[in-house]
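Dear colleague,

I am handing over the structure shown below, together with an account of what was found in it. Please keep it open while you read.

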Amino acid sequence: MRHIFYIGLMLTCFHICGTSQIYSIPQNVKKVVFLGNSITYMGLYVSYIDAYLTVRYPGRKLDIINVALPSETVSGLSEPNHADGKFPRPDLHERLARVLTKTKPDLVFACYGMNDGIFLPYDEERFRKYKEGIVWLHDQILKSGAAIIHVTPPVFDNRKGEAYSNVLDIYSDWLLSCRYVFGWKVIDIHWPMKKYLEDRRSSDSTFIYAKDGVHPDETGHFIMARQILQCLGESEVSKAKDLNSLFCPFLKGNEILTLVEKRQAIMKDAWLTFTEHKRPGMNIGLAMPEARLKAEEIDKQIREKMGSE
């Protein structure tokens, strides 16, 4: 019983301290890569972060690259008959070396876990594969010369399955524990998302992030972005209650966000094609030279709106 008590006490501390870790992006960082599954590929939270840092620091140029791949795991697991038997889940082990070689990141954000329990109740062997995959990913990023910040998985709506919601609680708690066990940099979005969901449902029982329980809508991505930005030292974003209030303090902030989203949409498919992913059914991205030209045109429009040209 004493052992169980101490575990509970530690997890409580993780949740309380979840927002207290601040990781600033060093000035020598130029390329930032986001890795993950379909939630990160959807990219709303990546675009929100990209746009916010653009308007907040107009003199700084960060190349924020989204190379997330839908359905992917870091555990290497795939449920039987995934995608109606068309293909197994992509495994990050297969493509990570190419991604690192071709993107050459200075900093990587990695958000895995949602797919890694393959939507089944908790199993010790599946949990072991997830942990091994995360440790492998961490080591590979460091060996490449880049830094890594892990991001806990988003929530799985317990109304779609209490058992799998609990799996992601466990995976998130383990990843948070790596701050203290290994000294890793870990940003927690899981528990803040869960708290926001519970708070909203206390006044509106119909509130959801995701119809399927998995893929967050704009509100969910806003909570993810806000939490990551806070953990990057942007304390003022805590005052933002929604996406509009995050960008309205900045001149033409919402217009710039629209342009950043357009640029991200072009570049994420170009990067996935350029890094030769193997997943069927994905958009074929523009050739990198053409994609870069289009991105540069958008960058020019952004600079014009910010008054720097």
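A residue is called buried when its relative accessible area is under 20%, exposed when that area is over 50%, and partly exposed in between. Please note also that this is a predicted model.

**The strand S3**

With that cut-off in mind, consider strand S3, which covers residues 107–111. Five of its five residues are buried, so S3 is largely enclosed by the rest of the structure. In a regular strand the side chains alternate between the two faces of the sheet. In S3, Leu107, Phe109 and Cys111 point one way, while Val108 and Ala110 point the other way, and all are buried.

**The sheet around it**

In what order do the five strands of the open sheet lie? The order is S2-S1-S3-S4-S5, and the pairing is parallel. The edge strands are S2 (63–66) and S5 (186–187), each of which pairs on one side only. Strands of a sheet pair through backbone hydrogen bonds, either parallel or antiparallel.

The pairs can be followed across the sheet:

- S1, residues 31–36, pairs with S2 in the parallel sense over four bridges. Val32 has Ile64 as its bridge partner in S2.
- S1 and S3 also run parallel, and five bridges join them. The bridge partner of Val32 in S3 is Leu107.
- S3 pairs with S4 (residues 147–151) in the parallel sense over five bridges. Phe109 stands opposite Ile149 in S4, and Cys111 has Val151 as its bridge partner there.

Val32 is thus a useful residue to locate, with Ile64 as its partner in S2 and Leu107 as its partner in S3. As for S4, this strand is mostly covered, with four of its five residues buried.

**The helix H3**

Helix H3 lies across S1, S2 and S3, and it runs at about 175° to S2. H3 comprises 13 residues, 44–56. At 1.5 Å a residue, H3 should span 18 Å, and its end C-alpha atoms are 18 Å apart, which agrees.

Why can H3 be described as largely enclosed by the rest of the structure? The reason is that 12 of its 13 residues are buried. Among them are the tyrosines Tyr45, Tyr48 and Tyr52, together with Asp50 and Thr54. An α-helix has 3.6 residues a turn, so residues three or four places apart point the same way.

**Pocket and cavity**

The largest pocket has a volume of about 430 Å³. Of the 21 residues that line this pocket, the closest to its centre are Leu53, Thr54, Tyr57, Arg60 and Lys61. Which elements give two or more residues to the lining of the largest pocket? They are H3 and H11. The largest share, four residues, comes from H11. Leu53 and Thr54, which are among the residues closest to the centre of the pocket, also belong to the buried residues of H3.

The structure also holds one cavity of 30 Å³ or more. The largest cavity has a volume of about 60 Å³. The residues that line the largest cavity include Val155, Phe156, Asp157, Leu197 and Tyr209. Ala210, Gly213, Val214 and Pro216 are also part of that lining.

**Residues in the loops**

Two residues in the loop between S2 and helix H4 (92–103) deserve your attention, namely Ser71 and Asp84. Ser71 has a positive phi of about 80°, although it is not a glycine. Asp84 likewise has a positive phi, of about 55°, and is not a glycine. Are these residues buried or exposed? Ser71 counts as buried because its relative accessibility is 11%, whereas Asp84 is exposed, with a relative accessible area of 65%.

A third loop residue is Ala287, placed between helix H10 (253–274) and helix H11 (288–306). Its relative accessibility is 48%, so Ala287 counts as partly exposed. Along the chain, Ala287 and Asp269 are 18 residues apart, and their C-alpha atoms are separated by 9.6 Å.

I suggest that you begin with S3 and then follow the sheet outwards.

Yours sincerely

Key: Residues numbered from 1 in each chain as written. Predicted model: local features only at pLDDT ≥ 70, side-chain atom pairs only at ≥ 80, totals over all residues. Heavy atoms only, no water. Expected span 1.5 Å × (residues − 1). Buried < 20%, exposed > 50% of the residue type's maximum accessible area, 1.4 Å probe, protein only. Pairing = 2+ DSSP bridges. Contact = heavy atoms within 4.5 Å. Axes fitted to C-alpha atoms, helices over the stretch in contact; angles between N-to-C directions. 1 Å grid on protein atoms, 1.4 Å probe; cavity = no way out; pocket = protein on both sides within 12 Å on 5 of 7 lines; lining within 4 Å. Points joined across faces, edges and corners; volume = space filled by probe spheres on them.
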